[in-house]
Amino acid sequence: MTIYYTQRTNFYKGNSPEQLLKNFGSPLYVYNEDIFRERCRQMVGLVDYPHYKVTYSIKANSNLTLLKIAREEGMHADAMSPGEIYVLEKAGFKPCEIFYISNNVSEEEMKFAIDRGIDTSVDSLSQLEMFGRLNPGGKVAIRINPGIGAGHHAKVITGGKKTKFGINTEYLDQVKAILKKYNLTLKGINQHIGSLFMDGSKYLESVKNTLEIAKQFDTIEFVDFGGGFGIPYRKQEGQAPLELKEFGQRLGDVLKEWVKEYGREILFRSEPGRYIVAESSVLLGTVHAIKENGETFYVGTDIGFNVLARPIMYDAHHELELYRNGKLVTEGETITADVVGNICESGDILAKERTIFMPQEKDIIGVMDAGAYGYSMSSNYNNRLRPAEVLIRSDGSVQLIRRRDTLEDLIRNF
Ligand code: LLP
């Protein structure tokens, strides 16, 4: 028997998808506060080492209301750009709670973080030189490539043999020379092997490699291991979640052992994005057309790749639910169809050859696990309006946390 996620989690807390779309327009990102908080807590409590901090990776989702909740839950945050730093400041994060992980940035962008006293990591020798020129005598972090990568798609593997990220270990002597040249102190070392692992062994292996490197420097104040904690995108098929308890235990043991050898307590960090927010959102959209063209049955919706880019970017699988007259459809005739959007490209496919209950016009489709890299990768392509975002609070009330774009927004910058 299929287990429906929104049923199991009481996701809508009595609100019907139909009513939500009536009130806030279709498509719509719907978030659940309880699930979001629960994921924050799981990550914050991952390791029992006392100096372990979770920096939420806000590229996954930077909605201001969610950021405020993440901060309430005790998280810090990482940023990839001045824009992310700006949004974090607006959400109440202090400079000491932000970690700027730069990649190929301009002098202005690097200065943006330095001027605010935000810990900054550089990930090439040339950017380390830039940091030295801009902030001689300062403290800096370097992102190293631990030689191991992991991820759900080649495009999101960021460690290992061929990647634009990080400094390979064979350049550590040059790193030391540049640090000396500019009188810099190496405050931290960070890594990120890639996005989405379901088995923690590669992560742990990379942690060990990075800690080995950290030993070569006696000024280290923190080591940051990056994100990548996966979520099961195939729950209806029974895929299990990440085994956090055992993983946290193993990670904690490695850290405590290292601290003993290093002889001094330091701060350890991880940077989860997806794990925190993916499962806290369902993207709702509407079926507007149904047709058969040749061999293929098409379900035409308003969920184009401007709204959710993951399926076309990475062939990502998102499970679907169908709602009719305010109710989840759990039985009836099924069909294998391509569920498509309304963007004028033939690649605009949300779910290819997917077996679903036979849809009708005006049915509502729910796209599961849409919270991470959903809204944050959405766009105005085809001059479509990005959807609103609403939060179902713990008490079941619904709060608009980002309004839908308006037509005026489309010409705001002209
Ligand atoms: N830290 C760094 C330096 C990163 O580059 C990333 C993600 C993270 C942390 C968070 O990774 P997470 O815990 O979310 O896996 N758009 C893709 C994912 C790209 C991830 C980019 N970097 C997707 O939709 O799957």
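This tour visits the ligand site, one helix and one cavity in turn. The model is predicted.

**Ligand site**

Begin by selecting the ligand together with the residues around it, which number 18. His152, Ser195, Glu271, Arg310 and Tyr373 are the closest of these. Three polar contacts merit individual display. For the first, show the side chain of Glu271, where an N or O atom lies 2.5 Å from a nitrogen atom of the ligand. Next, show Arg310, whose side chain places an N or O atom 2.6 Å from a ligand oxygen atom. Finally, turn on the backbone of Arg274: a polar backbone atom there is 2.8 Å from an oxygen atom of the ligand.

**Helix H3**

Now select residues 33-44, which form helix H3. The distance from the first C-alpha of H3 to the last is 16 Å over 12 residues, close to the expected 16 Å. Extend the selection to Asn32, which caps the N-terminal end of H3. A side-chain oxygen of Asn32 sits 2.9 Å from the backbone nitrogen of Asp34. Within the helix, colour Glu33, Ile35, Phe36, Arg37, Arg39, Cys40 and Met43, which are buried.

**The cavity**

Which residues line the largest cavity? Select Ile303, Gly304, Phe305, Leu308, Pro311, Ile312, Asp348, Ile349 and Leu350 to display the lining. Helix H12 (310-314) and strand S16 (349-357) are the elements that each give two or more residues to this lining. By class, the lining comprises 7 nonpolar, 1 polar and 1 charged residues. The space enclosed by the largest cavity is about 40 Å³, and the structure holds 1 cavity of 30 Å³ or more.

Technical notes
Residues numbered from 1 in each chain as written. Predicted model: local features only at pLDDT ≥ 70, side-chain atom pairs only at ≥ 80, totals over all residues. Heavy atoms only, no water. 1 Å grid on protein atoms, 1.4 Å probe; cavity = no way out; pocket = protein on both sides within 12 Å on 5 of 7 lines; lining within 4 Å. Points joined across faces, edges and corners; volume = space filled by probe spheres on them. Helix = DSSP H or I, 4+ residues; strand = E, 2+ residues; numbered from the N terminus. Nonpolar A, V, L, I, M, F, W, Y, C, P; charged D, E, K, R; others polar. Expected span 1.5 Å × (residues − 1). Buried < 20%, exposed > 50% of the residue type's maximum accessible area, 1.4 Å probe, protein only. Polar contact = N/O pair within 3.5 Å; in protein donor to acceptor, adjacent residues only side chain to side chain. Near = heavy atom within 4 Å.
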